[in-house]
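Colleague: Could you take a close look at the surroundings of the ligand for me? I would like to hear what lines that site and how it sits in the rest of the fold.

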Amino acid sequence: MPVALVWVAASAKDLSFCELHNHGGHLASRLAGTNINRKFSLARRPSARFFAKAALEVSSSNPTSEKVSGFNGFQELCSVRTDGGSGKPLLSSEQKVYEVVLKQAAMVNREAKVGDNGLLDVKPDLVPPGTLQLLEDAYERCGEVCAEYAKTFYLGTLLMTPERRRAIWAIYVWCRRTDKLVDGPNASHITPMALDRWEQRLEDLFNGRPYDMLDAALSDTVSKFPVDIQPFRDMIEGMRMDLRKSHYKNFDELYLYCYYVAGTVGLMSVPIMGISQDSHATTEDVYSAALALGIANQLTNILRDVGEDSRRGRIYLPQDELARSGLSDEDIFSGKVTDKWRSFMKGQIRRARKFFDEAEKGVTELDKASRWPVWASLILYRQILDAIEANDYDNFTKRAYVGKVKKLLTLPVAYTRAVIYSPPTSKLAQIERIY
Ligand SMILES: CC(C)=CCC/C(C)=C/CC/C(C)=C/CC/C(C)=C/[C@@H]1[C@@H](COP(=O)(O)OP(=O)(O)O)[C@]1(C)CC/C=C(\C)CC/C=C(\C)CCC=C(C)C
């Protein structure tokens, strides 16, 4: 597989995929260009000019695949495939998902109004008289569900303002119910038709016609915060994917799955958590970081649960990467920790950590009151990767977990980060821009 290394010196705004090479078409170049800008603005590069090292990996397979590696060693920035015949670009999952991020960011920019206190204006209650108490009860029930099934996360939400807290509870409950359709006690009875009905219910609640009290809480939330329906629809799509697929050919396929089931949670949460008024990051930067946190969490979840999933006949690991490491499904079903497995796992853990690194840049940009819980959940989930290493990569028979003491210690660490890592003041940002 020939690999051409290209060094590019250009200003961030000028750099587009077309300048790297001229295949792939206009849309691909536009996406690659915005993606590159996005990463640099988030990293707050002090200079507008930079040297970018791009590795073009040109595969001769059909559809042809041309990859540009990330500048900071993060995931491939883009993987543009062209269908051999027409030369039309086939977008990678990352590019398709980034389109969703851009739309979400544009929508929240259009709809969000910032109040005098710097927080998003929460729209007033418009519920018919006499039903306000029912709504209160609905939110309270969401809080109870959250407290029962996600204790640490529930504690984190207690640090948020009351409006945000209950909105996150409502979203949590909907996500959990959706997940439980394919991963709960009735999972074997779930058909694509049942998911279609669940999606119709979702449309109804977004149109102010909730089906039950838990839906009513979410219906109220989406009427008050600039939350879009797309990530919710996409999560249901992830459940459909889970019904029809038990294997993932490559990381591109797995990335899409991770977006559907977890990246979507990040996109749903940002409009509630709010972006700090002092933030100089673009809205898409923050959404990209939220997406990265969802992907990182899901990849970690997958690595933790390899044994459990394989016993259900599921392997959520990229088949091509397994093959390159000399591993097959049989090796996973037999559950032996070999050197090949250790080395494969090291690569998977490294990738998950890069997504966490990417996410970290965005937590700082969130509204002050939301940073602590997000830091806490990020640090806790990230520690599961350390626990897999501590188990000598035996994720077949051992479940990696973070003990109570470590969990408790995480809270002050998260708090300190939330306080210390805040967006730079305008002055600092100006200085950064000059140098
Ligand atoms: C404060 C905070 C973390 C808010 C998110 C709250 C929320 C709405 C959570 C919903 C979680 C849920 C039930 C998702 C359904 C699909 C699913 C099961 C995904 C997996 C979660 C872990 O679940 P599981 O129960 O299997 O795990 P354990 O066995 O208990 O370990 C996932 C792995 C994904 C969860 C994804 C997130 C929580 C996304 C986080 C991103 C943000 C909150 C955005 C933060 C913003 C920036 C800018 C970084």
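Modeller: Happy to! The protein has 18 helices and seven strands, and please keep in mind that this is a predicted model. Of its 435 residues, 38% count as buried. Taking contacts between residues at least 6 apart in sequence, 69% join residues at least 24 apart.

Now to the ligand itself. The shell around the ligand holds 29 residues, and those that come nearest are C175, A262, G266, A290 and G362. Six helices each supply at least two residues of this shell: α5 (151-157), α6 (162-183), α10 (251-273), α11 (283-304), α15 (339-363) and α16 (368-390). Of the helices, α11 gives the most, with eight residues. By chemical character, the shell divides into 18 nonpolar residues, nine polar ones and two charged ones.

Some of these helices also matter for the next topic, the nonpolar interior. The largest nonpolar core has 89 residues, and A170 and I295 are those with the most contacts inside it. Here α10 gives the most, with 16 residues. I295 is a good place to look at the packing in detail: leaving aside residues up to four places away in sequence, I295 touches Y255, C258, Y259, A262, G263 and F355. One of these partners, A262, is also among the residues that come nearest to the ligand.

From α16, which supplies at least two residues of the shell, you can step outward to another helix. The buried residues of α17 pack against α16, and those buried residues are T410, A414, R417 and A418. Helix α17 covers residues 404-420, 17 in number, and reaches 25 Å from its first C-alpha to its last, close to the 24 Å expected at 1.5 Å a residue.

For a contrast with the buried positions, try D137, whose place is in helix α4 (residues 132-149). D137 counts as partly exposed because 13 other C-beta atoms lie within 10 Å, whereas a buried residue needs 20 or more. D137 also makes a handy marker for a long step along the chain: its C-alpha atom and that of M213 are separated by 8.3 Å, although the two residues are 76 apart along the chain.

If you have the viewer open, I would start with α11, which gives the most to the shell with eight residues, and then turn to I295 and its partners, F355 among them.

Key: Residues are numbered from 1 along each chain as its sequence is written. This is a predicted model: local features need pLDDT of at least 70, side-chain atom pairs count only at pLDDT 80 or more; totals for chains, interfaces and linings use all residues. A residue is near a molecule or strand if its C-beta atom, placed from the backbone, lies within 6 Å of it. Helices (H or I, at least four residues) and strands (E, at least two) are DSSP runs, numbered from the N terminus. Ala, Val, Leu, Ile, Met, Phe, Trp, Tyr, Cys and Pro count as nonpolar, Asp, Glu, Lys and Arg as charged, and the others, Gly among them, as polar. A nonpolar core is a set of buried Ala, Val, Leu, Ile, Met, Phe, Trp, Tyr and Cys residues joined through C-beta atoms within 7 Å. A residue is buried if 20 or more other C-beta atoms lie within 10 Å of its own, exposed if 12 or fewer, and partly exposed in between; C-beta atoms are placed from the backbone. Two residues are in contact if their C-beta atoms, placed from the backbone, lie within 7 Å. The expected span of a helix is 1.5 Å times one less than its number of residues.
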